[in-house]
Amino acid sequence: MPSSYTTSLRFEAQLTGENLNTWGALLSNTLARVDDSIAGYLSIAITGNYSITAANTNASADEARRAHLKFTGTLASNSTITIPSVSKSYWIWNATNRTLTVTTGSGSTYDIEAGDKLPVWCDGTNVNGLSYGSYTLKEYVAAQVLASSTSYPS
């Protein structure tokens with residue numbers, strides 16, 4: 001039975017005894033994938049809706065393995081970013097001029113406004129981000145500022 005790519009990050013799950021005397025090359029590829037998963041950064045220019053690519057390779061075509069994604073471009077309208085339906089977290093920088101909605105294509109979505117840099121994570125179906133109760137982070141901070149009667153020195 002051959003190796004398989006069974007994890008959320010598509011690491012190669014090598015079978016015991018497989019690839020005798022060649023495991024060093026496989027280990028190097030796996031370590032590069034681990035590095036991308038923890039600290040990998042990728043800037044992606046978009047013009048509209050975009051689906052993150054995922055591949056069982058160590059190539060740059062696997063955008064979904066990266067930990068940090070920056071989206072750039074001048075958009076005509078808000079856009080949707082579709083991520084794979086696997087358990088994974090990302091730091092997303094929306095460097096576009098419009099709101100990006102992050103989704104798996106099903107389940108809940110999370111909006112990232114222009115200029116925001118926020119963590120999001122997927123449980124395999126739903127996309128989640130920073131929130132307090134039913135408030136997004138921005139909504140919560142705004143509600144607290146408006147509710148405060150204390151004036152702060154400038």
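Trainee: In what kind of link do the side chains of K138 and E113 meet?

Mentor: A salt bridge is a side-chain nitrogen of Lys or Arg within 4 Å of a carboxyl oxygen of Asp or Glu, and the side chains of K138 and E113 meet in one, at 3.1 Å from N to O. This is a predicted model, in which local features need pLDDT of at least 70 and side-chain atom pairs count only at pLDDT 80 or more, while totals for chains, interfaces and linings use all residues. Residues are numbered from 1 along each chain as its sequence is written, and side-chain values use heavy atoms, with hydrogens and water left out.

Trainee: Where do K138 and E113 lie in the chain?

Mentor: Helices (H or I, at least four residues) and strands (E, at least two) are DSSP runs, numbered from the N terminus. K138 belongs to helix α2 (residues 137–147) and E113 to the loop between β9 and β10, 25 residues apart, and the pair thereby links distant parts of the chain. Together with D116, these two residues form a network of salt bridges.

Trainee: Is D36, which forms a salt bridge with R66, buried or exposed?

Mentor: Buried means under 20% relative accessible area and exposed over 50%, with partly exposed in between (1.4 Å probe, protein chains only). D36 is buried at 15%, and R66 is likewise buried at 11%, whereas K138 is partly exposed at 43%. The closest N and O atoms of D36 and R66 are 3.6 Å apart; D36 lies in helix α1 (residues 23–39) and R66 in the loop between β4 and β5, so the pair ties together parts that are 30 residues apart in sequence.

Trainee: In what order do the five strands of the open sheet stand?

Mentor: Two strands pair if DSSP finds at least two bridges between them. Here the order is β3-β5-β7-β10-β11, with mixed pairing. The strands β3 (41–45) and β11 (127–129) stand at the edges, each with a single partner, so one side of each is left without a neighbour in the sheet. Three bridges join β10 (residues 117–123) to β11 in the antiparallel sense, and W121 stands opposite N128 there.

Trainee: Which residues have the most contacts inside the largest nonpolar core?

Mentor: In soluble globular proteins, nonpolar side chains tend to be buried together. A nonpolar core is a set of buried Ala, Val, Leu, Ile, Met, Phe, Trp, Tyr and Cys residues joined through side-chain atoms within 4.5 Å. The largest one has 20 residues, and I52, F71 and I83 have the most contacts inside it. Strand β10 gives the most to this core, with three residues.
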